[in-house]
Amino acid sequence: HVMKFIATVEDSQRSNIQEIANTLEQMGVRVRDVMRISGVITGSSKTLARVRIKGIRSVEQDRRLGAS
């Protein structure tokens with residue numbers, strides 16, 4: 001079962017958001033969007049715990065209706 005997520009990076013890590021997204025992908029997390037200005041990464045993963053890496057401030061399940 002795969003869960004969609006919305007992850008927010010630490011403010012101090014916003015300039016590194018692409019590197020953080022790349023690290024997540026190398027760990028098997030599917031990254032959908034990287035929004036540098038807002039510091040948000042969206043995607044999907046088997047567990048939200050896997051997304052909680054260095055540089056990530058918070059992770060929540062994406063429960064928006066119609067999120068694909």
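Contact means heavy atoms within 4.5 Å. This criterion applies to the contact lists in the legends below, which describe a predicted model.

**Figure 1. Overall fold of the predicted protein, with one helix and four strands.** The elements follow the order β-α-β-β-β from the N terminus. The radius of gyration is 11 Å, close to the 11 Å that the globule rule gives for 68 residues, so the protein is as compact as a globular protein of that length. Along the principal axes, the C-alpha atoms fill a box of roughly 30 × 25 × 15 Å. Of the contacts with a separation of 6 or more, 63% are accounted for by residues 24 or more positions apart.

**Figure 2. Surface and charges of the protein.** The protein exposes about 4400 Å², and carbon and sulfur atoms supply 48% of this area. Of its 68 residues, 38% count as buried. The protein carries 12 positive and 7 negative charges, and the mean positions of the two sets are 6 Å apart.

**Figure 3. The largest nonpolar core, with 16 residues.** Phe5, Leu24, Ile41 and Ile56 are the residues with the most contacts inside this core. Two or more residues are given to the core by each of β1 (3-9), α1 (17-26) and β4 (56-61). In soluble globular proteins, nonpolar side chains tend to be buried together.

**Figure 4. Close-up of isoleucine 56 and its contacts.** Isoleucine 56 is among the residues with the most contacts inside the largest nonpolar core. Leaving aside residues up to four places away in sequence, isoleucine 56 touches Ala7, Thr8, Val9, Glu10, Ile20, Ile41 and Val51. One of these partners, Ile41, is likewise listed with the most contacts inside the core.

**Figure 5. Close-up of serine 44 and threonine 42 in strand β3.** Strand β3 spans residues 40-45 and holds serine 44; threonine 42 is found in this strand as well. Serine 44 has a relative accessible area of 12%, and because buried means under 20%, serine 44 is classed as buried. Threonine 42, at 3% relative accessibility, also counts as buried. When residues up to four places away in sequence are not counted, serine 44 touches Val2, Met3, Lys4, Phe5, Val29 and Arg30. With that exclusion, threonine 42 touches Phe5, Ile6, Arg30, Val31, Arg32, Asp33 and Met35. Phe5 and Arg30 appear in both contact lists.

**Figure 6. Close-up of threonine 23 in helix α1.** Threonine 23 is partly exposed, its relative accessible area being 34%. Lysine 54 is 31 residues from threonine 23 in sequence, while their C-alpha atoms are 9.9 Å apart in space.

**Figure 7. Close-up of asparagine 16 in the loop between β1 and α1.** With a relative accessible area of 30%, asparagine 16 is partly exposed. Aspartate 33 is 17 residues from asparagine 16 along the chain, and 15 Å separates the C-alpha atoms of these two residues.

**Figure 8. Close-up of aspartate 62 in the segment after β4.** Aspartate 62 counts as buried, at 8% relative accessibility. In sequence, aspartate 62 and valine 34 are 28 residues apart; in space, their C-alpha to C-alpha distance is 15 Å.

How values were computed. Residues numbered from 1 in each chain as written. Predicted model: local features only at pLDDT ≥ 70, side-chain atom pairs only at ≥ 80, totals over all residues. Heavy atoms only, no water. Rg over C-alpha atoms; globule rule 2.2 N^0.38 Å. Buried < 20%, exposed > 50% of the residue type's maximum accessible area, 1.4 Å probe, protein only. Areas by Shrake-Rupley, 256 points an atom, 1.4 Å probe, with all protein chains shown as cover. Lys, Arg positive; Asp, Glu negative; His and termini not counted. Charge placed at Lys NZ, Arg CZ, Asp CG, Glu CD. Core = buried A, V, L, I, M, F, W, Y, C linked by side-chain atoms within 4.5 Å.
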